[in-house]
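Me: I'd love a close look at one part of this model: a helix and the neighbour it packs against. Could you walk me through it, and add a little on other contacts for context?

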Amino acid sequence: MLGAVMDRPLTLPHFLERAGELFGGVPIVSRRPDRSLHRTTYADFYRRSRRLAKALQMLGLERGDRVGTLMWNHAVHLECYFGIPLAGGVVHTLNLRLDPRELAYVVNHAEDRFLIVDDVLLPLLAAIRDRVSPEKVFVATAGGEVPEGCLGYEELLEEQGGGDFDYPDLSEHDAVGMCYTSGTTGRPKGVVYSHRSLVLHSIVECLPDVLGLSQQDTVLPVVPMFHANAWGLPYAATLAGCRQVYPGPHLDAVSLLELMQDERVTFSAGVPTIWMGILEELKAHPDRWKLEPAMRMVVGGSAVPEQMIREFDRFDLNVLHAWGMTELSPLGTLCRLKQDHAGLDPDSRYALRAKQGLPAPLVEIRTVHEEGVAPRDGRTMGELQARGPWVASAYHRPEEETSSWTEDGWFRTGDVATIDQEGYLQITDRTKDLIKSGGEWISSVDLENALMAHPDVAEAAVIAVADPKWQERPLAVVVARPGSRPEADQLRSFLAERFSRWWLPDRFEFVQELPRTSTGKFKKSELREQFSDPRRSRTKS
Ligand code: AMP
């Protein structure tokens, strides 16, 4: 017997219609590049998102066409998050921290038909312009000039967005957005979200034991909108009707604290590097800042140090540790204590809160080792695998990579973890050796390959070392070719020709030979052990 309930599609138009109808007066605040604040409301956001959708339809956007956005976090980007999929298109958020070559690769791989770019990011566009060929580029300006060869975003809305707009007939399985992740093999891979995955992800994020977003909240997503849907916050916050505050390009601790204080933010999210800076500022000037009591801060992207949770507690600011991935939309787990943990002593509570936490409803996790599924004993490590209605089932152009899924349909995360008897996840390592600096990936493999192309280098292994500000920074361990003596500065300049500055290793260590595993791979665990302790290393940079 089948259930007799309506089969209404789980699609984004409902979010926008609801927001426009019920929350018209709710403010959306964005910081402009010149630091001034732009204030708008859900009513305007509703109107402009529909205008964007209409304008894209008038330009001939077809269902499934990709529109790339190269933008910071602000209200116009939020319009793109909605307007593009409402027209049947796919919003492809472009990582503005990518090296131009990689950015061009991603635009071409996704076949972005149109691009929408912040005027302050035009130099980055110029760096890829001769390698990409979008049909049109629209520039969102704060009243400035639109360069030759581009069109104005405001003019697009004004001239093409008028008149009636009817939502196309969208299936909940249609693609809604796209985000590229860095893969272990170096090439970024495209993750494609659907209306259904996004709707379910947003609803679950709003649950009290997940992010607990409500209409009472003022949400400040610090996590970039180009990275994994800003952890889904723009969609979840719109569903809940939260006040929304966006930092634009100003991500320094003082600018963020000003926004938190002045706009009375109750909920924020970002990588540990951001919170580390905020904590330092709070400690340096405790009387300068008055934030909302018990403001929640979701911290993820890298492991959160227990000490950080403790220190924020002293300021009555509540860290929620989360684990996620681009391939998981991105929410996987979130650390909340259970009711019966109330009696635990403070140290045990902090130890628990530093774990990555419990899987969100509808997400299943397991760890797998050589003997099969690992026991949930909090000790046995295994590769973390996940499945659920917002976990990617393939990458864009699936034929290029299938090894990330098991035969029985689980996604292989590449993380190594334990799960305890109560279901709490703890990430212990990464099977992949990418380096995560300030929330963004650096591929050790790419750096190694480049270094080994230097005439004076025989072998090179790049590892992550802990860094108090960036969480991790690359360190290169180099074996010189017989008879040559390369210098750190020389190698750094050599790499600088190919990589962005923040990719360049901070330290170079020179050794006679590199340790190897039985299969001949560099034994990075040994290198990490040797060089992560600064007292034991002989820095030559
Ligand atoms: P990305 O797809 O760029 O968001 O990166 C996802 C990866 O970041 C995961 O596979 C983990 O290796 C790492 N990661 C995310 N959150 C955490 C966390 N809370 N603790 C440790 N590692 C994390």
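Reply: Happy to; what follows starts with one helix pair, moves to the surroundings of its second member, and then turns to another pair and two strands.

Please keep in mind that this is a predicted model. A pair of packed helices is described by the angle between the two axes and the distance separating them. For helix H10 (residues 272-284) and helix H11 (residues 306-314), that angle is about 40° and the axes lie 11 Å apart. H10 and H11 are therefore oblique to each other, and their crossing is left-handed.

Which residues make this contact? From H10 come Pro272, Trp275, Met276, Ile278, Leu279, Leu282 and Lys283, and they meet Met308, Glu311 and Phe312 in H11. Sorted by class, the contact of H10 with H11 has eight nonpolar residues, two charged ones and no polar ones. As background, an α-helix has 3.6 residues a turn, so residues three or four places apart point the same way.

Now to H11 itself. Met308, Ile309, Arg310, Glu311 and Phe312 are buried in this helix, a list that includes the charged side chains Arg310 and Glu311. What do the buried residues of H11 pack against? Their partners are H10, strand E13 (295-299), strand E14 (317-324) and helix H12 (346-353). After H11 comes aspartate 316, with a positive phi near 60°.

Another helix pair makes a nice companion to this one. The axes of helix H1 (residues 12-22) and helix H2 (residues 42-58) come within 8 Å and cross at roughly 140°. That angle makes H1 oblique to H2, and the crossing of H1 and H2 is left-handed. On the H1 side, the contact is made by Leu16, Glu17, Ala19 and Gly20, while H2 contributes Tyr42, Phe45, Tyr46, Ser49 and Arg50. The residues of the contact of H1 with H2 divide into five nonpolar, two polar and two charged.

Finally, a word on two strands. Strand E19 (residues 382-387) pairs with E20 in the antiparallel sense, over four bridges. Among the details of this pairing, alanine 386 has phenylalanine 411 in E20 as its bridge partner. Strand E20 (residues 411-419) is mostly covered, with eight of its nine residues buried.

To come back to your helix: H11 packs against H10 at an angle of about 40°, and its buried residues also pack against E13, E14 and H12.

Notes: Residues numbered from 1 in each chain as written. Predicted model: local features only at pLDDT ≥ 70, side-chain atom pairs only at ≥ 80, totals over all residues. Heavy atoms only, no water. Buried < 20%, exposed > 50% of the residue type's maximum accessible area, 1.4 Å probe, protein only. Pairing = 2+ DSSP bridges. Axes fitted to C-alpha atoms, helices over the stretch in contact; angles between N-to-C directions. Parallel < 35°, antiparallel > 145°, perpendicular 65-115°, else oblique. Left-handed = near helix turned anticlockwise from the far one by under 90°. Contact = heavy atoms within 4.5 Å.
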